[in-house]
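The exercises below are to be worked with the sequence and the three-dimensional model at hand. Each task is followed by a solution in steps.

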Amino acid sequence: MSKVASMHDAVAALVRDGDTVAIEGFTHLISFAAGHEIIRQRRRDLTLCRLTPDIVYDQMVAAGVARKLVFSWMGNPGVGSLHAIRRRIEHADPAPLEIEEYSHFGMVGRYTAGAAGLPFFPLRSYEGSDLPTANPRIVPVASPYGDEIVYAVPPLNPDVTIIGVQRATAAGDAQVWGLTGCQQEAAFAADRVIVVCEELVDEAVVRADPNRTLVPGLVVDAVVVVPHGCHPSFAQGYYDRDNAFYLAWDAISRDPEALAAWIDEWVYALADHAEYAAKVGEERWRELTPVSAPSGGVDYGSYA
Amino acid sequence: MSGWTESEMMVVAAARRLTDERVCFVGIGLPNIACALAKRTANPQLELVYESGVFGAEPARLPLSIGDPTLAAGAAAVTGMFQLFAYYLQGGRVDVAFLGAAQIDAAGNINTTVVGDYAAPDVRLPGSGGACEIGINAKKVFVIMRQSARSFVPHVDFVTTSGHPPGGRPARWGAGPALVVTQLGVFGFTEGVMQLESVHPGVDIATVRAACGWDLEVDAAVAQTPPPTEAELAAVRVLDPDRTYLR
């Protein structure tokens, strides 16, 4: 059964006001296209979860979709700050933003516990840190098998997880290469999953290389085909990170008026991501396209 | 090629200290540049590990972040973040982690979370990322950061990553902070307390002391950091030709 939908219809059907939403992908395959559609549909009171909020959550927070942020590293990677989020946290400008903060392994562990149906995840971290004081959901627990203390974090089960992938079938079997982050854990932990792919492929393509399937259609509710859907982040082998945009975002994000104007021009004024990609322009896409370097194939054998 | 910037001296001094290491966990920011430089100069055999899930990276360009596509392409292994943190880091396979810091104190406690009060911060910093668990589980920790009386503080506003607590580090932890490299000099730790090891060429001890928020005791005969070699500077400038990161 095909789960292919437009981004408009997928977000309209699966992302609701008040939801806990995770758009995952660690620097790689961040679905900006989904973030922009959530802004366009003016969702409100979302709890946004991500290890690294990145520019996409700065945009969503600035646009007023979020009530709360759950995270482990909040910045513009390699550049500096996310100023719209900082204004909300430091000055409640224009409104307060609730935060719930972990470390990276803590967040990965939360998704893992959520995906595996466990009541908590234990890790060797947080001892000697002020983080458990700042966030009382990080709790020391004694090993049942000795006198060691580890720290527990609670499961994270998003209402909706959205992941970018290089290719997927209409049934939602999704393949990723390069950095795989914690998309698998975040998808299995979620109640609803949207897969946003660069390319839609036949089932035979996936079945010829099943080791590369990160998330199976089993847990996927909608497949949205969006070429260049992760810009300005990257899709390994398809397009590079648009570092000029990450650098430029610093000045845009510092100025609330410039930021609002950017969202008007690049989100509200455009019907969908195809218009965004056209506006970015062919020349920029050419500049961001890497030289081809295919992997060596492997032989799975035929056992018919 | 004559002259160098403070930032260039800093990353060169940092890269040299990776000469005898095997597996290095690379933090975001200045560590990213220092470790990429080490791989091209002091230690081509160095196995670079990134929290994005990369082991044994061979970066063909300066990674723009710790999740750059050049880190995955050509790496020895790319794993999920769970495997990276659970097996590589927590499993004890990391010899040294190179971290950045916004604030540090004489005990090597690192703050990357807030300046001011957590609930009402003056400046909201990025937070832990992986640093909190890296500081515990790596066999030792190196730090590279810009030094001033505001960043070298008597007590960090928030302990994101524990250094050398009173009474010492628990036996199951790694050895913790062992080195801090700044634009002014190189610091080590003796019995859990930061000590100046060397000053960079052209830097006097009074400048180092003024850029330190506690009363730093310094031996008047402290060593000088050897200046960057031509080869080191050439490698730095290949990595960051426009001085985007090493202003």
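A charge sits over a ring if NZ of Lys or CZ of Arg is within 6 Å of the ring centre and within 35 degrees of the ring normal. The model examined here is a predicted one.

**Exercise 1. Charges over rings**

Task: Determine over which ring the charged end of R241(A) sits, and at what distance from its centre.

Solution. Step 1: The charged end of R241(A) is found over the ring of Y246(A). Step 2: Its distance from the ring centre is 4.0 Å, and the cut-off for such an arrangement is 6 Å. Step 3: A further case is R50(A), which lies over the face of Y57(A) at 6.0 Å from the ring centre.

**Exercise 2. The buried side of a helix**

Task: Identify the buried residues of helix α10 of chain A, and explain how they are placed around the axis.

Solution. Step 1: Helix α10(A) spans residues 256–268, and its buried residues are L259(A), W262(A), I263(A), W266(A) and V267(A). Step 2: These residues lie on the same side of α10(A) because they cover an arc of only 100° around the axis. Step 3: The general principle is that an α-helix has 3.6 residues a turn, so residues three or four places apart point the same way. Step 4: The cover over the buried residues of α10(A) includes α2 (32–40), α3 (54–62), α4 (83–91), α9 (243–254) and α11 (273–280) of chain A. Step 5: At the start of α10(A), the backbone nitrogen of E257(A) has a side-chain oxygen of D255(A) within 3.0 Å.

**Exercise 3. Aromatic pairs**

Task: State how many aromatic pairs the structure holds over all chains, and describe the pair formed by F55(B) and Y88(B).

Solution. Step 1: Over all chains there are 19 aromatic pairs. Step 2: F55(B) and Y88(B) form a tilted pair, with 5.4 Å from centre to centre and 40° between the planes. Step 3: This pair links distant parts of the chain, 33 residues apart: F55(B) belongs to strand β3 (residues 54–55) of chain B, and Y88(B) to helix α4 (residues 81–89) of chain B. Step 4: Both F55(B) and Y88(B) are buried. Step 5: One aromatic cluster is formed by F105(A), F121(A), F25(B), F82(B), F85(B) and Y87(B).

**Exercise 4. Domains of chain A**

Task: Give the division of chain A into domains and the contacts between the two domains.

Solution. Step 1: Domain 1 of chain A comprises 7–103 + 157–288, and domain 2 comprises 104–153. Step 2: The C-alpha centres of these domains of chain A are 27 Å apart. Step 3: In chain A, 22 residues of domain 1 are in contact with 17 residues of domain 2.

**Exercise 5. Backbone exceptions**

Task: Locate the cis peptide bonds that precede P94(A) and P232(A), and assess whether T27(A) is buried or exposed.

Solution. Step 1: Most residues other than glycine have a negative phi, and most peptide bonds are trans. Step 2: D93(A) and P94(A) are joined by a cis peptide bond with omega about 0°, and P94(A) is in the loop between α4 and β4 (98–101) of chain A. Step 3: H231(A) and P232(A) are likewise joined by a cis bond, with omega about 10°; P232(A) is in the loop between β12 (222–225) and α9 of chain A. Step 4: T27(A), which is not a glycine, has a positive phi of about 60°, and this residue lies in the loop between β1 (20–24) and α2 of chain A. Step 5: The relative accessible area of T27(A) is 7%, so this residue is buried, the limit being under 20%.

Key:
Residues are numbered from 1 along each chain as its sequence is written. Chains are lettered from A and ligands numbered from 1 in the order in which they are written. This is a predicted model: local features need pLDDT of at least 70, side-chain atom pairs count only at pLDDT 80 or more; totals for chains, interfaces and linings use all residues. Side-chain values use heavy atoms; hydrogens and water are left out. Buried means under 20% relative accessible area, exposed over 50%, partly exposed in between (1.4 Å probe, protein chains only). Helices (H or I, at least four residues) and strands (E, at least two) are DSSP runs, numbered from the N terminus. The arc is that of the directions from the helix axis to the C-beta atoms. Contact means heavy atoms within 4.5 Å. A polar contact is a pair of N or O atoms within 3.5 Å; within protein, one must be able to donate a hydrogen and the other to accept it, and residues adjacent in sequence count only if both atoms are side-chain atoms. Rings of Phe, Tyr and Trp (its six-membered ring) pair if their centres lie within 6.5 Å; planes under 30 degrees apart count as stacked, over 60 as edge-to-face and the rest as tilted. Domain bounds come from an automatic or database domain assignment.
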